[in-house]
Amino acid sequence: MAPAPAGVEPGPPEGAGVPARTERALAGLRERKKQKTRLALIDAALELFLEQGYEATTIDEIVAAVEVSQRTFFRYFATKEDVVTSFPAEHDHVLAEALAERPAEERPFTALFESLRVVLRTIAGSDPADSERFRRVRQVIEATPSLISAQMARYKAAESELAAEIARREGVDLEHDLRPRIVVAFYSSATRVAFEDCARQEIWDPETVAARVEEAVALVSRTMRDWV
C-alpha cells in the first residue's frame, strides 16, 4: 500500500469499521442470492427440457426464462449438460464423505451400503422443491440418450473414487488388487439397476425411489450367496 501524502493522516483500511457480524451477514446474503439464481436456472432448464426435449432447448431459452445473461449462466454451469448432471453429482459427494467417515472395522460392502443410506435419507427427506427437482432430473436423464451416456461417465468417475477409498480403508494397493473395484462394481450395479427399474416403472417419487434402491443393494449379498 502506498504511504499517505505528507500531512495527511492515513485513512482506515478498506472495510475497516464494518462490524464482523455485518460482513458475515452480507456474505451470507450473497451466497443465498447465488444459490437462488442457480436453482432458478435449474428449474427453468428442467421445465424446458421436459416440455420440448433436452436437445431442442438452447441456453438462450434457459437464460431468457430466468431473465439473466448467458454470462450469468456460465458462472454456474460449464455446459447445458451440467445443469442436469450437477444435481446427482451432489449425491456422489455426500456418498464419498459418508464412506470416509464409516468405522474402520466395517467390511467394505457394509460400509458402502451404510453410506448409501445417508444419501437415500437425503433424497427421501428433501423438501418439496428438491423432491420435484429430483423427479424432473430423473425423467430428463432417462429420456435423453446423451445424458444417459453422461450419467455412465459420472458413475465411472464415482466408482473410481469409491474404490480408492475402499483400498485405503483395507490397506491394499489399488493398482495390484482388484477387490476394491470388484466390491464397488457390485454396489454400483445394484444402485444402477434399481434406478433403471424405477424409471422403467415410471416411479419418480424420491422416497419410493430411495426405498427401491436400498432394497436392491440389500439383495446383492443374498443373490451372491444363493446364486454364485
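**Figure 1. The whole chain, with 37% of its 228 residues buried.** This is a predicted model, so take the panels below in that spirit. The fold has nine helices and zero strands, and reading along the sequence gives the pattern α-α-α-α-α-α-α-α-α. If you like contact maps, look at the contacts between residues at least 6 apart in sequence: 64% of them join residues at least 24 apart. The accessible surface adds up to about 13800 Å², and carbon and sulfur atoms own 55% of that area.

**Figure 2. Phe49 and Tyr54 make an aromatic pair.** A search of the whole structure turns up four aromatic pairs. In this one, the ring centres of Phe49 and Tyr54 are 4.9 Å apart, with 65 degrees between the planes. Why is the pair edge-to-face? Because the angle between the planes is over 60 degrees, the cut-off for that label. Are the two partners buried or exposed? Phe49 is buried at 4% relative accessible area, and Tyr54 is buried too, at 7%.

**Figure 3. Phe73, Phe74, Tyr76 and Phe77 form a cluster linked by ring pairs.** Zoom in on Phe73 and Phe74: their ring centres sit 5.2 Å apart and their planes meet at 85 degrees, so this pair is edge-to-face. The two neighbours see quite separate surroundings. Phe73 is buried, with a relative accessible area of 0%, whereas Phe74 is partly exposed at 40%.

**Figure 4. Two arginines sit over aromatic rings: Arg117 over Phe113 and Arg192 over Tyr155.** How far is Arg117 from the ring centre of Phe113? The distance is 4.6 Å, with Arg117 lying over the face of the ring. For the other view, the charged end of Arg192 is placed over the ring of Tyr155, 5.1 Å from the centre.

**Figure 5. Leu116 is a buried residue in helix α5.** Helix α5 covers residues 108–124, and Leu116 has 5% relative accessibility, so it counts as buried, the cut-off being under 20%. Which residues does Leu116 touch, leaving aside those up to four places away in sequence? The answer is Leu95, Tyr187, Thr191, Val213 and Val217. Take Val217 from that list: Val217 and Leu116 are 101 residues apart along the chain, yet their C-alpha atoms are separated by 9.1 Å.

**Figure 6. Leu178, Ile182 and Phe186 make a nonpolar surface patch.** The patch comes to about 290 Å². One of its members, Phe186, belongs to helix α8, residues 179–200. Phe186 is partly exposed, at 35% relative accessible area.

**Figure 7. Glu67 and Glu202 have positive phi values.** Most residues other than glycine have a negative phi, so these two deserve a close-up. Glu67 has a phi near 65 degrees and lies in the loop between α2 (59–66) and α3 (70–76). Glu202 comes in at about 55 degrees, and its place is the loop between α8 and α9 (206–227). Are these glutamates buried or exposed? Glu67 is exposed at 73% relative accessibility, and Glu202 is exposed at 62%.

Methods: Residues numbered from 1 in each chain as written. Predicted model: local features only at pLDDT ≥ 70, side-chain atom pairs only at ≥ 80, totals over all residues. Heavy atoms only, no water. Phe/Tyr/Trp six-rings, centres within 6.5 Å; stacked < 30°, edge-to-face > 60°. Buried < 20%, exposed > 50% of the residue type's maximum accessible area, 1.4 Å probe, protein only. Lys NZ or Arg CZ within 6 Å of the ring centre and 35° of its normal. Patch = residues over 30% accessible without salt bridge, like charges linked within 9 Å, V, L, I, M, F, W, Y side chains within 5 Å. Areas by Shrake-Rupley, 256 points an atom, 1.4 Å probe, with all protein chains shown as cover. Salt bridge = Lys/Arg side-chain N within 4 Å of Asp/Glu carboxyl O. Helix = DSSP H or I, 4+ residues; strand = E, 2+ residues; numbered from the N terminus. Contact = heavy atoms within 4.5 Å.
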